[in-house]
Structures are given as C-alpha cells and as structure tokens.
Amino acid sequence: MLKIHLFGLFLSLILTNATKLWAQALPDPVVKKINSLFDNWDKTQSPGCAVGVVRNDSLIFSKGYGMANLEYAISNSPQTVYHLASVSKQFTAYAIILLAQRGKLKLDDDIRKYLAWFPNLKQKITIRNLLNHTSGIRDQWQLLGISGTRIDDVITQEHIIKILSKQQALNFIPGEKFMYSNSGYTLLAEIVKAVSGKSLRKFTDSAIFKPLRMTQTHFHDDYTEIESNRAYSYDRKDGARFSNSILSYSTVGATSLLSNIPDLAKWVMNFYDTKVGNQQTILQLTQKAKLNDGTEIGYASGILSEKYKGWKQFSHNGADAGFRTSVIVFPELKTGIIVLSNLSEINAQEKASQIADMLISERTGFVKPAEEKPRNVKIPAKELLFLKTQSGSYFSDEMNTVTSLELKNDSLYLRIGTNDNLMTRESEHTYSMFYVPQIKLIFNQKGDTPNVSLNISNDTHHFTKIPNQLMADDKSMLEYTGTYNNTELECTYKIILKDHQLYLTNSKYNDEKLTLFGADHLINDTWYMKHLVVTRNKSNKIIGFEVNSWRVMHSKFVKIKTGN
C-alpha cells in the first residue's frame, strides 16, 4: 500500500509540474507551427486574425496577424475588438439560463407567454426549442433576403420582429427536427428584455461581463456607435486587393457581440472555473438537445457539445460579412482556443481545429485516450470512378438544402453554403470532413437514384441527387414566366424568358439565371432562395412556387400574372 501511495504521489508531482510548465508558455516549436498557419495573411497589405490559447487561469499565447484596418494601416493584435457573429449565441443562451435559475422563467414555457406579438401558429414553441434550434421558425436572414433586404443593408431588431410577426407557417413541428435558426436567438433577446426589463446588452453587461471583468465586451445594438480599436471587415477582391465587407447590424441575440482575445479568455475559464453562474449553469448550457422522439443531437444551447479524441469539447463558430470566428473549450483539459478573423476567406474553425491538434498531440504528462486511427486521404482508382458517377447537385427535404459533390484533383469536396470542404476516405463509400470529422458522408446504394446520407454529430440527413437539367425550348419555358407574389414577406418576383434562358428578377437584385431540373425544380445561385419548387393545380398548370432551400421551407409565392 505504501508503494502504491508513493507511486501515486510521484505521478501526481509529474503531472502537476508538467501542467505548470505547459501553462507558463507554449514551446517554441508549437508557436512556430501556429504562426505558420497564418503566414499567408501576416502582412501589412492583408487583413488577418487574432489568436489566443488559454490554459488553466492564464492566456498563455496571444498574437495578432495582418491588419485590423487597411485604410489606416492598423495591425491586428490580441486587444483588437472583433464582431463575433454566431459565437454571440452562447452568451444569449447563458443570459436565459441565468434568468431560469433565478426563477424568472422556465425553459419549457411557451414563447408567446413573453412575446404576445408572435403569431399563433397552432403549435407550442418553447424557450428550449429556441435555444436548441428545434423551433421550426424560419431563419431571419433568409426571410429578409427573400423580401428584398440586402444583407449589407441596415438591419435593426425592429425590422426582424416585423418580418417574424407576419409569418404564417413553420418549417416543421417544434421539436421534430434540428434546423439552425438565427430567428430563435433574436427572440431570446426579446424574452430577456421582457423578463428582466433590461435590453440584452444591459442585462449581459451587469450579469456576465462586469462580474467576469470583460471590459471590452458588449452586445453592439447600434451600428452607428463608435467602438475604439475595432477591426474592419474585408473580402478578397483578387490576388492582391481587398474590398470592404459591409456590416450594418443593429440587432442582437443571434449575433453582434463585440469582444477581444483577453476578454474571451476569461469566458473560456468560466467553463471550468465558474465565477458567473455555477457548474449547473454550465451543465444546462452544454446539455445536448433531444428531439420529440428522444433522439439526441450535438447542439446544446448556443454551443456544440461534442468529443475530441475522447475529451469533452464545447465550441461554436461565427460568420458575418468578412468576420470569421471560432471558440473551442476543452473543460477537462482546462484549455481553450480562440481564433478571430476579419477576412472572409479565413476558415477560423479549421485554424482552431489545427491548433487543437497541435496542442493535444504536443501535450506531455497527461494520460490521453487512444489516438484516432489515421484518415486515408488518397482515394483508390476504383473508388474515383464511382465518385465520378455520384458527383453533382443533391437536395434534402429534411434539411431543405441544395448541396453538391465535386471531384477536384482526385479529391472529393462537399459544398456547404459557399465553402468547398475536403472530404477524406474512411472506408468504401464513407467519407468525413477533413477538419470536422464529426461530419460524415455516406453513399447509399439502394434504388436507381444516387443518394447520400450526411451525418452531423450523429444526426443523419438524407440527400437525393437532383435530375439532370431539362433541355426545354422557348415555348416550353414560357409556361414558367410570370409575376409571383408572397403575402407574408410583401414581395414580388418575376420569372422572365430572355435570350432562350429563364431568369429570376426583382427590383432589389440583379437578374439571376434559373436552371430547370426535371419539370418542377428551378435552381439559381442566390443564397436566399436557391431552390424553387413549382406548384401546379389539378390541370397541371403552374400556379406558383415555393422557396424550399436552406433554412426556409414552403414559403409560398402565388402566380398573379402570366408572361414576361
């Protein structure tokens, strides 16, 4: 027993000393590897990033790369303030959970108890549904886009409330599915206001940020307000030039938190050394959601709750205008990684994951679970021939999403939104996303029509390949032309025939080329109404279409006039 005790004491001393050493600073080889991730942008002519690594109670690494402002040659630094985009959601969720712990609300309350203006859609939508993205409420950004509001217009909280108050249907029955909805978090901000009597900005300032001494953090609810030391937002114009990526939001809850690396380090520490709330608050924030049928999903409340090499991992990413953000916390390792970028081409999630790979693989003196087996990047020749037959566009009724699979340089890429994501082969007909292996793609062999399953943190969605483009003559295409109206969104679009090609046209946007797949599917390159499903009467005459893509399902347009 004495030997066992001495061995335990010896091991404890080793672990303690290793932890202290690792907490003091990152080893030079690791720092060089991190720096190398950002070499392409660490220039006085380029926007870039700020990066932080947290360990125990210390910010052990922080550095800026590239420029916060190109016009005035101001460099990025750890103190630079960034717009966090959807990383904001976990703070909104925390505010709600704090109010629930104080007895001010219950997570299973009907949201109309606090938001009387929200339409009665004959379904109970709970606060928990909003937190978990299981409400079925259509996404605000896409609704605004369809209505004619450009994403770089001034967008206010009132603007979003008005458009949500006119909705007459949901995407699905609350709790039946998971579908990311920014609308839910704008509604949560309004619930905080209704319950506490304070705006989300004021409530989080008093309940979260001041107690944590996050002095450079707030919900930015007025786009005209000047914020010192703030990063500007950029897109790449070409190989050497950049353009401003405009962000004019006066809306909070889903987005619009401003913060920097030192402040976010304090938030990371709160996950494992809780100073605001308690461990029960953290458990509630990070508890995985369950659907009505009991299926558990990876999303919790404004945060993803997953495993990384056997360790608990809490994370979320954000993307607005040119800002790309990612915060990852490993509470069992008392470690966090923060990547904040002001250039849209930088994949903050990918960079944060690469840093995680470095740190946890470089970590010494800590007993780790077994390493995951290496992923096979090279695809066998026989499989490449198979993938060529499977490449193309796919549609999911469940996710209401059009995506595509493409072979480039003998590698498979999955398009999500506007990003092409490298997929690596795990086994025959099974692939995982290179930097987010929790996303898996499985080719199914049943039936004549190619189809795939997309598994996201054990939540499976089915995609069917869209039929080949229908080659139609002018006379056939005239059937689709006309004026179409949506009463919920108070907007009108036309489908016109021009130079033997169908176009979608609206006074707010450039004309968009429409591609006809089958007889009833019209695909275009917009982000807000990419997939239109034609509706017909009993006589097979076109009477309208539904927007059925991404985060909006069955938004109905009625044909009110035929022809160009």
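**Exercise 1.** Why is strand β31 largely enclosed by the rest of the structure?

*Solution.* The model is predicted: local features need pLDDT of at least 70, side-chain atom pairs count only at pLDDT 80 or more, and totals for chains, interfaces and linings use all residues. Residues are numbered from 1 along each chain as its sequence is written, and side-chain values use heavy atoms, with hydrogens and water left out.

Step 1. Strands are DSSP runs of E with at least two residues, numbered from the N terminus; β31 covers residues 542–549.

Step 2. Buried means under 20% relative accessible area (1.4 Å probe, protein chains only).

Step 3. Seven of the eight residues of β31 are buried, so the strand is largely enclosed.

**Exercise 2.** Find the pairing partners of β31 and describe the turns.

*Solution.* Step 1. Strands pair if DSSP finds at least two bridges between them.

Step 2. Strand β30 (residues 531–536) runs antiparallel to β31, joined by five bridges, and Arg536 faces Ile542. Five residues separate the two strands of this hairpin, and Asn540 in the turn has a positive phi of about 70 degrees.

Step 3. Strand β32 (residues 552–562) is also antiparallel to β31, with five bridges; Val547 is opposite Ser555. Here the hairpin has two residues between its strands, and Trp550 in the turn has a positive phi of about 55 degrees.

**Exercise 3.** Trace the open sheet of six strands.

*Solution.* Step 1. The order is β2-β1-β15-β14-β13-β12, with antiparallel pairing.

Step 2. At the edges are β2 (58–65) and β12 (304–308), each pairing on one side only.

Step 3. Seven bridges link β13 (residues 311–320) with β14 (residues 323–330), where His316 is opposite Val327.

Definitions and conventions:
Buried means under 20% relative accessible area, exposed over 50%, partly exposed in between (1.4 Å probe, protein chains only). Helices (H or I, at least four residues) and strands (E, at least two) are DSSP runs, numbered from the N terminus.
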